Amino acid sequence: MLNWISGLFKALNANQNPAEMAHGLALGVMLGLMPKNNALWYLILVFFMFVRINKPTYLLTLLVVSYFAWMLDPVFGSLGYAILTFKPLENIFSMLIEIPFVGFTKFNNTIVMGSFAFSLIAYIPVFVFGIFFVKFWRAKVAPSIIKSPLYKAIANLPVIGKIFEAFEEKF
């Protein structure tokens, strides 16, 4: 986990494309919101591990968001129920559930469907926020942190020093 945090700070301060970090953030939110007991979650996890994204951002966001995602389960349940009982789509969902592998995705679970739909809708705003955050971090936050005396004092601690090495590489 310490390597993930260090990798995140290195990517924030390096000359890495902000879109890669934003995709990692958005995909981490997407998987963090979905329940982990279905094949759809594992398919998305494995598929996007081979796409060009920032993996520390992806995995750390996934961990943080999944810790708090249970609070949104009632919202996801209501949204999923509305989608699954939408009349024009009922026949399509009935046909899909008959396909053997599709049943393992548990898309017919209201929380799975609601969280998947919500995360698809939230993907673009989270992506745009990620790009703006990386640019803001590089322009304003990182230079002010490097110059602070508190940073210099904490950077001398052995455990924390590894994380702070990422700041010193850029500035």
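Modeller: Before we start, contact here means heavy atoms within 4.5 Å. Also, this is a predicted model.

Biologist: Good to know! With that in mind, which residues in α2 meet α3?

Modeller: On the α2 side they are Leu27, Met30 and Leu31, and in α3 they meet Trp41, Ile44, Leu45 and Phe48.

Biologist: And how do the residues of that contact divide into nonpolar, polar and charged?

Modeller: Seven are nonpolar, with no polar and no charged residues in the contact of α2 with α3.

Biologist: Where are those helices, and at what angle do they cross?

Modeller: Helix α2 covers residues 18-33 and helix α3 covers residues 39-49. Their axes come within 10 Å and cross at roughly 160°. Angles over 145 degrees count as roughly antiparallel, so α2 and α3 are roughly antiparallel to each other.

Biologist: Left-handed or right-handed crossing?

Modeller: The crossing of α2 and α3 is left-handed.

Biologist: Let's move along to α4. How do the axes of α3 and α4 cross?

Modeller: Helix α4 is residues 55-68, and its axis comes within 11 Å of that of α3, crossing at roughly 160°. That is why α3 and α4 are roughly antiparallel to each other. The crossing of α3 and α4 is left-handed.

Biologist: Which residues meet there?

Modeller: From α3 you have Trp41, Ile44, Leu45, Phe48 and Met49, which meet Lys55, Tyr58 and Leu62 in α4. By class, the contact of α3 with α4 has seven nonpolar, no polar and one charged.

Biologist: Changing topic: where is the kink in α7 centred?

Modeller: The kink is centred on Trp137 and is about 50°, in a helix that runs over residues 110-147.

Biologist: What caps the N-terminal end of α7?

Modeller: Asn109 does, with a side-chain oxygen 3.0 Å from the backbone nitrogen of Ile111.

Biologist: And how do α5 and α7 cross?

Modeller: The axes of α5 (residues 73-84) and α7 come within 6 Å and cross at roughly 95°, which means α5 is roughly perpendicular to α7.

Biologist: Which residues meet in that one?

Modeller: Among them are Phe76, Leu79 and Ile83 in α5, and Ile111, Met113 and Phe118 in α7. The contact of α5 with α7 has nine nonpolar, five polar and one charged residues.

Key: Residues numbered from 1 in each chain as written. Predicted model: local features only at pLDDT ≥ 70, side-chain atom pairs only at ≥ 80, totals over all residues. Heavy atoms only, no water. Bend = angle between axes of the 7 residues up to and from the residue. Helix = DSSP H or I, 4+ residues; strand = E, 2+ residues; numbered from the N terminus. Polar contact = N/O pair within 3.5 Å; in protein donor to acceptor, adjacent residues only side chain to side chain. Axes fitted to C-alpha atoms, helices over the stretch in contact; angles between N-to-C directions. Parallel < 35°, antiparallel > 145°, perpendicular 65-115°, else oblique. Left-handed = near helix turned anticlockwise from the far one by under 90°. Nonpolar A, V, L, I, M, F, W, Y, C, P; charged D, E, K, R; others polar.
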